[in-house]
Amino acid sequence: MAFPDAWMNELLRRNDIASVISDYVQLTPRGGRLWGHCPFHTDKTPSFSVSPDKQLFHCFSCKAGGSVIQFIMQAENLTYREAVQNLAQRAGMDLPEETDDRRLLEQKHLRERICNANREAALYYHELLLSPAGEHAREYLARRGVNAATAVRFGLGYSSDNRDGLFGHLSEKGFSREDLIAAGLVVPGRKNPDDTFDFFRGRLMFPVISATGRVLGFGGRTMGSDEPKYINTGDTPVYNKRENIYAINMIKGKKLDDVIMVEGYMDVISLHQRGIGNAVASLGTALTSQQARLLKRYASRVYYAYDGDEAGQKAMLRGIDILRAAEIEPRVIVIPGGKDPDEYVKEFGPDSFLLLKDASITGTRFKLERIAKLHGTDTADGRESFAREACALLSSLEPVERDRYIPFVAERSGLSRDTVREQCGVSEPQESANNRRIYRQNKAVQRQNDSERARCERVLLACMMSSAEAALEIEKRSDFSYMLFSDAGLRLFCIRLVAAYKQHGKADIPLLIASTEEEYADGISTAYSAVGSYEPPFDCGLDAIERIRALDKEGALREASGVEASQAEDDAGRIDRLQRYLNEKRG
């Protein structure tokens, strides 16, 4: 639910953008703005600016931009809601109640009590690990190569064999039996429901912590031969393993090119202890779409390093498609000898593991290798079966990616590349060098016009931001349409802007930008930075509309004209003539 406008205004007032960003970037005043090196990309010369008067930031290189909320979202890898909560905590503000509905409020309060109970449980388990009662657990960690500093860093703990030690401890701290059952920390007795038992007993404890630092649940590993080897917190009002990732709190706020995804708690801990600090684990073998969306906040590439057993290999096959659907590039680290990451890095060291990472293969290559292994390529029948299934896979890929793997399939199957292409349902393109050159010219013209159109859209929005009167007059005109904005973010913002003008006679533009989705904030803040540059705004807005429509007409004429390839070189001159014609018509 949206936060109340009055509360959001107070939040923005207390979190001056220059003050907040100064905690991350060294800013220097110049020309009415503050300048520094962009924290979101490698920035050799200061291209990152902050406008204290407009309460916006903008990078002229990577185009990141927005309000203080969008900055915190990117700097700390947070959702919009988490960023607002972060700033509220910074300003010492209480969050407004989301609803007056008693049931929803009770659910919110229950989640808060569960998180508090989990935090106290984590402290209890950790203290037990460091106490004489935890000697056996400390010896186990030593055998696994986990040092004391790492145990503290990950908040590892120990749950004693005592049937209700945690229950008694948390009861003394005021937590109710019902809340502890809801948290999954204790369970009622099977024979006597009035009895209460600790859920975790005699196990090494791994707290699962969110990106915001809340303890959501636990994993517990036996230190003997008990089965199951691991037990985990079940679904609770604050925890679902499908939506969370172990050690996500360890990568919060880092600028990462990639993330290494492993299976188990110990794999993560072992890699982190040896300096590989971008390792996380899925809570359960299979990656989910919810987890993929969470990973997307931190990196655009994920390296799989699951165990070499069949379950791990199948999980990677499923996960590759999930990552690609989330627009994350999947790669697979192949660990020799079927070892898991913990075993390998302890035996061969972190440098050797990173060499394996450098030698990783693409998700598609991993799939093809699995198909080859499944069918075998040492017999004619096996090679044929491999080729059929591999080509079915390749036919589902985009042409550029497909062409990359055709030689691999041809080599493994013993077929010619032409045969593989034919089986994939494609043929070798017979395009002349002249046609390719013309195609590139046409695409260059298209990109140029697309770029000009985008600039005109931002000019139009800047004019409508400059004056409520001008915006409302523009909105009434028959030649105006919100669909003039091909950028969905600008279009949605313009709708909200005009709605605010109609309702209040004015608009709090910084507040509107602060409430904008992160993916749209850059273009909107760029337009806002130009407010005041186009005077008078009504006339300049009409000019922008006219130019947008002219560009659309030019594009339609180019598409409809059916220009032959031999005439393509004259595109630039034809467009110039068309522009002169349109100018004459307007005159």
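Contact here means heavy atoms within 4.5 Å. By that rule, residues 24 or more positions apart account for 63% of the contacts in the chain with a separation of 6 or more. The model is a predicted one.

**The chain overall**

The chain holds 26 helices and 17 strands. It has 587 residues, and 47% of them count as buried.

**A four-stranded sheet**

Strands of a sheet pair through backbone hydrogen bonds, either parallel or antiparallel. One open sheet in this model has 4 strands, in the order S6-S9-S10-S11. Their pairing is antiparallel. Which strands stand at the edges? They are S6 (157–159) and S11 (230–232). Each has a single partner strand, so one side of each is left without a neighbour in the sheet. From one strand to the next, the twist averages 35 degrees.

Look next at S10 (residues 215–222). S10 and S11 pair in the antiparallel sense over 3 bridges. Gly220 stands opposite Ile231 in S11. Helix H11 (residues 265–273) packs on this sheet. H11 touches S9 (203–209), S10 and S11. The direction of H11 makes about 75 degrees with that of S9.

**Two packed helices**

Two packed helices are described by the angle between their axes and the distance between the axes. Helix H13 and helix H16 are such a pair, with an angle of about 140 degrees and axes 10 Å apart. That angle makes H13 oblique to H16. H13 passes H16 in a left-handed crossing.

The table lists the residues that meet.

| Helix | Span | Residues in the contact |
|---|---|---|
| H13 | residues 310–325 | Glu310, Gln313, Lys314, Met316, Leu317, Ile320, Asp321, Arg324 |
| H16 | residues 363–375 | Gly363, Thr364, Phe366, Lys367, Arg370 |

By class, this contact of H13 with H16 has 4 nonpolar, 3 polar and 6 charged residues.

**A glutamate in helix H5**

Glu120 is found in helix H5 (residues 102–130). Is Glu120 buried or exposed? Its relative accessible area is 17%. Buried means under 20%, so Glu120 counts as buried. Which residues does Glu120 contact, leaving aside its neighbours within four places in sequence? They are Leu170, Lys173 and Phe175.

Note on methods. Residues numbered from 1 in each chain as written. Predicted model: local features only at pLDDT ≥ 70, side-chain atom pairs only at ≥ 80, totals over all residues. Heavy atoms only, no water. Axes fitted to C-alpha atoms, helices over the stretch in contact; angles between N-to-C directions. Helix = DSSP H or I, 4+ residues; strand = E, 2+ residues; numbered from the N terminus. Parallel < 35°, antiparallel > 145°, perpendicular 65-115°, else oblique. Left-handed = near helix turned anticlockwise from the far one by under 90°. Nonpolar A, V, L, I, M, F, W, Y, C, P; charged D, E, K, R; others polar. Pairing = 2+ DSSP bridges. Buried < 20%, exposed > 50% of the residue type's maximum accessible area, 1.4 Å probe, protein only.
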